[in-house]
Amino acid sequence: MNIFKNNIFIFFVLIIGLSMNVNSAEGTTFKNLKPGFSFEGPFGKFDKESLKRGYQVYSEVCSSCHGMKQLSFRNLSQPGGPEFPTEMVKEIASGYSITDGFNEYGEPLERSMLPSDRFPKPYGSKEEAKGANNGAYPPDLSLIVKARLDGYNYLYSLLKGYEEEIPEDMDIGDLSYNPWYPGGAIAMYQPLYEDSVEYEDGTPATVDQMSYDVANFLTWAAEPTMEERKRLGFIVMGFLIIFVILMYLSVSRLFRDVH
Amino acid sequence: MNHDYQYTPKNGFSKWLDKRLPLMRFADENLLSFPTPKNLNYFYTFGFILTMCLVTQIITGIVLAMHYVPNTSLAFDSIEHIMRDVNYGWLIRYMHSNGASMFFLAVFIHMFRGLYYGSYKEPREIIWILGVVIFLLMIITGFMGYVLPWGQMSFWGATVITNLVATIPVIGEPVLTLLLGGYSVDNPTLNRFFSLHYLLPFVIFGVVILHIWALHVTGNNNPTGIEVKDSKDTISFHPYYTVKDLFSYVVFLLMFCYFIFYNPNILGHPDNYIEADPMLTPAHIVPEWYLLPFYAILRAVPDKLMGVLLMFGSIIVLFFLPWLDTMKVKSARYRPLYKIFFLLFVIFCLLLGYLGAKPPEGIYLLLSRVSTIYYFAFFLVIMPILSRIEKPLPMPIGISNPAINNNSDSSGGVSGSPSYAMDSK
């Protein structure tokens, strides 16, 4: 009987364990590198400088093929993100233009972008994107970290994981070899090389640094409310822990005389 | 049950009200003074936890529906709009998605508890049957809810599961067309799933009321499985069980909050953050974790129609439980053999859940088949046989009387059984 009573905990653990197993059931055979990110853990916060650098790499390199349709420029200045100054975000946005509405002659009107606009799309359509990339569609990056198992470690590993030497038994044709990509043959050419960008804050732009910053930036982009979530979680859990102690004392007191 | 206590209206207004709409009397008799066995353990708090789960799902669901757009080209983005732009939208949505998992976790424990303590036996058959109805409705609601975000797993899960209907001879095809609103999962499917996903929780709510009503007619079962005999066996629901249930719920909430705030996506599949693409099939199509045991049963059978029948059969068989297990002794405490087979059953259920996430080949397929056979054998073979051959352990006379009832060979203290006469004051 006692075994059964105490098993409730094991039961919880088992079910949770099993459900985690569900997700790990189809990972790549290659173990992701874990450089360690500041946002990990229950009190983790984003490294704002890294987010800023990550945005720079995205806008100078990744954005030529990959869109981020869920993000607006205004997100860049919002708390819990890269927190660019508002003025700077206006400036960044105004560097792009968009066709929006019509003039009085019914001709499409072009205007420069505002902070409220979404990030510009690299291609007009999915077909155009495929056409420009040998039939492979460069996925939207807004949610890529959530859409991949162990997302940020995977992206970090993938971005710095390109290898020149292709295993002898592999024929990958036009594709590139990257052991972190499932199957090893990836349509994306190696995007980052030493000094692909010149960081505004003077950080040396090594492949490792850029991969790290991009992984950081894309993690934020996948869930801009993460810092708020963890902060609120701490308050809620703290309240509940105090509450649960009081409740436990109440139950013990109440049932003391029940035999 | 204890009927010594009577509600008496205290002031003028409550007397006036009591003659017209005995609302206070109802609340008093069912929530406050309701006599409840005094020996209920924490497994008996899951009824309250489940009620709270349902309420949470309904409230968060109503808020989500204010922002969600059930259209194939907008659904995915509208969820992201909720996550990013709606005030505390991320919180509401994580509560709802993780809340579904918590709901199922709680219902599994609730059902295993019922199985262990024989809560489905006379006179509680109707409570159990209504419970199975709720469980069935929960599965349908949960499945439809998972389709709404219109991610890859939403789309392909819906495709795989709805196509099972087509295996039914003759009526399969037309029913599938009706279900999908076309020939494949598309916008009409999303629309009707949204509509039904909004409707069914209220149906569940209705059945829950019947479930609780039935419970309040027979009174609670308890860990001894011996029926309540007099007021010495019971305590009032309030404050004893209101406080105990609340304590248990707060513990449950702590776990729930861990998922919401610190690991909100672990119970879901990463592929569901990729927008649905009918031209691109994911490498593995897996349902939500709580449906995995049933998925494993489905795939354990080589024949598609048989697989579908067994999968539905695995739930349908629960309806017949009160007549498959005819042993008068309710609680597994006094059934040493049943206890072993029950623990094996739990292990095989967990194993089925594990196997549902694995590809159906090799050792996984073999284990799925063994587990499926055990699942059905437990209900259809083991239970009826044990009912005949098992010799229960000596039982106490009553809940408050630990003395062994020498007279009882197989009487679980069912109403009208001789053990009633033994009850000494």
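## Chatting through two residues and a pocket

Trainee: Hi! Where is B:Asp18 placed?

Mentor: Hello! Keep in mind that this is a predicted model. B:Asp18 sits in helix H1 of chain B, which covers residues 12-20.

Trainee: Is B:Asp18 buried or exposed?

Mentor: B:Asp18 counts as buried, because its relative accessibility is 14% and the cut-off for buried is under 20%.

Trainee: And which residues does B:Asp18 touch, not counting those up to four places away in sequence?

Mentor: Leaving out residues up to four places away in sequence, B:Asp18 touches B:Tyr7, B:Pro9 and B:Arg25. With B:Arg25 there is also a polar contact of 2.8 Å between the two side chains.

Trainee: Switching chains, where is A:Ile166?

Mentor: A:Ile166 lies in a loop of chain A, between helix H5 (151-160) and strand S3 (176-177). At 40% relative accessibility, A:Ile166 counts as partly exposed.

Trainee: What does A:Ile166 touch, again not counting residues up to four places away in sequence?

Mentor: With that same exclusion, A:Ile166 touches A:Ile172 and A:Tyr177. The C-alpha atoms of A:Ile166 and A:Ser176 are separated by 8.6 Å, with the two residues 10 apart along the chain.

Trainee: Now pockets! How much space lies in the second largest pocket?

Mentor: The second largest pocket holds about 1,300 Å³ of space. It is lined by 47 residues, and among those closest to its centre are B:Gly47, B:His211 and B:Leu215.

Trainee: Which element gives the most to that lining?

Mentor: H9(B) does, with 9 residues.

Trainee: How do the lining residues divide?

Mentor: There are 28 nonpolar, 15 polar and 4 charged residues in the lining of the second largest pocket.

Definitions and conventions:
Residues numbered from 1 in each chain as written. Chains lettered and ligands numbered in written order. Predicted model: local features only at pLDDT ≥ 70, side-chain atom pairs only at ≥ 80, totals over all residues. Heavy atoms only, no water. Helix = DSSP H or I, 4+ residues; strand = E, 2+ residues; numbered from the N terminus. Buried < 20%, exposed > 50% of the residue type's maximum accessible area, 1.4 Å probe, protein only. Polar contact = N/O pair within 3.5 Å; in protein donor to acceptor, adjacent residues only side chain to side chain. Contact = heavy atoms within 4.5 Å. 1 Å grid on protein atoms, 1.4 Å probe; cavity = no way out; pocket = protein on both sides within 12 Å on 5 of 7 lines; lining within 4 Å. Points joined across faces, edges and corners; volume = space filled by probe spheres on them. Nonpolar A, V, L, I, M, F, W, Y, C, P; charged D, E, K, R; others polar.
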